[in-house]
Amino acid sequence: MFIQIAPRVKVFVTDEQVNFIKAHSATHFKHSELSSQHAQLAKLLADKAVFVRKKLDDDVQYALNRRIRFVRNEN
């Protein structure tokens with residue numbers, strides 16, 4: 001599945017990543033609240049601009065990028 005970030009920018013996400021996005025899309029969450037596997041997944045999605053990062057004094061807070069849009073698979 002693709003996620004559109006900007007008018008001509010799309011990134012590919014797997015089914016596991018889509019499930020993680022849907023599970024954490026309601027509110028913001030902190031890096032310390034996640035397991036190690038989910039923390040790596042959140043970092044990867046933040047690198048893809050699906051999540052936005054806010055660096056705190058001793059932690060990192062993630063929130064869903066409000067400008068993204070799910071797009072069907074395209075060729």
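This report describes the strands, helices, nonpolar core and two loop residues of a predicted model.

The model is predicted, with local features requiring pLDDT of at least 70 and side-chain atom pairs counting only at pLDDT 80 or more, while totals for chains, interfaces and linings use all residues. Residues are numbered from 1 along each chain as its sequence is written, and side-chain values use heavy atoms, with hydrogens and water left out.

**Strand pairing**

Helices (H or I, at least four residues) and strands (E, at least two) are DSSP runs numbered from the N terminus. Two strands pair if DSSP finds at least two bridges between them. Strand β1 (2-6) has two antiparallel pairings described here: one with β2 and one with β6. Between β1 and β2 there are 2 residues, and the two strands form a hairpin. Ile 3 faces Val 11 of β2, and Phe 2 has Val 71 of β6 as its bridge partner.

An open sheet of 3 strands is arranged in the order β3-β5-β4, with antiparallel pairing. Strands β3 (29-30) and β4 (51-55) are at its edges, each with a single partner strand, so one side of each has no neighbour in the sheet. A hairpin with 4 residues between its strands is formed by β4 and β5. Within this pairing, Arg 53 is bridged to Tyr 62 and Lys 54 to Gln 61.

The bridge counts of three strand pairs are as follows.

| Strand pair | Second strand | Sense | Bridges |
|---|---|---|---|
| β1 and β2 | β2, residues 9-12 | antiparallel | 4 bridges |
| β1 and β6 | β6, residues 69-71 | antiparallel | 3 bridges |
| β4 and β5 | β5, residues 60-64 | antiparallel | 5 bridges |

**Helix packing**

Axes are lines fitted to C-alpha atoms, for helices over the stretch in contact, and angles run from 0 to 180 degrees between N-to-C directions. Helix α2 (residues 36-47) lies across β3, β4 and β5, at about 105° to β4. The axes of α1 (residues 15-23) and α2 come within 11 Å and cross at roughly 95°. The two helices are therefore roughly perpendicular, a term for angles of 65 to 115 degrees. In their contact (heavy atoms within 4.5 Å), Glu 16, Gln 17, Phe 20 and Ile 21 of α1 meet Gln 37, His 38, Leu 41, Ala 42, Leu 44 and Leu 45 of α2. These residues comprise 6 nonpolar, 3 polar and 1 charged.

**Nonpolar core**

A nonpolar core is a set of buried Ala, Val, Leu, Ile, Met, Phe, Trp, Tyr and Cys residues joined through side-chain atoms within 4.5 Å; buried means under 20% relative accessible area, exposed over 50%, and partly exposed in between (1.4 Å probe, protein chains only). The largest such core has 18 residues, of which Ile 3, Phe 20, Phe 29, Leu 45, Val 50 and Phe 51 touch the most other members. Strand β1 and helices α1 and α2 each supply at least two residues, and α2 gives the most, with 5 residues. Leaving aside residues up to four places away in sequence, Ile 3 touches several residues, including Val 9, Val 11, Ile 21, Val 50 and Phe 70.

**Two loop residues**

Ala 49 is in the loop between α2 and β4. Although Ala 49 is not a glycine, its phi is positive, at about 70°. Its relative accessibility is 27%, so Ala 49 counts as partly exposed.

Glu 33 is in the loop between β3 and α2 and is exposed, with a relative accessible area of 57%. The C-alpha atoms of Glu 33 and Asp 59 are 9.9 Å apart in space, and the two residues are 26 residues apart in sequence.

Methods:
Parallel < 35°, antiparallel > 145°, perpendicular 65-115°, else oblique. Nonpolar A, V, L, I, M, F, W, Y, C, P; charged D, E, K, R; others polar.
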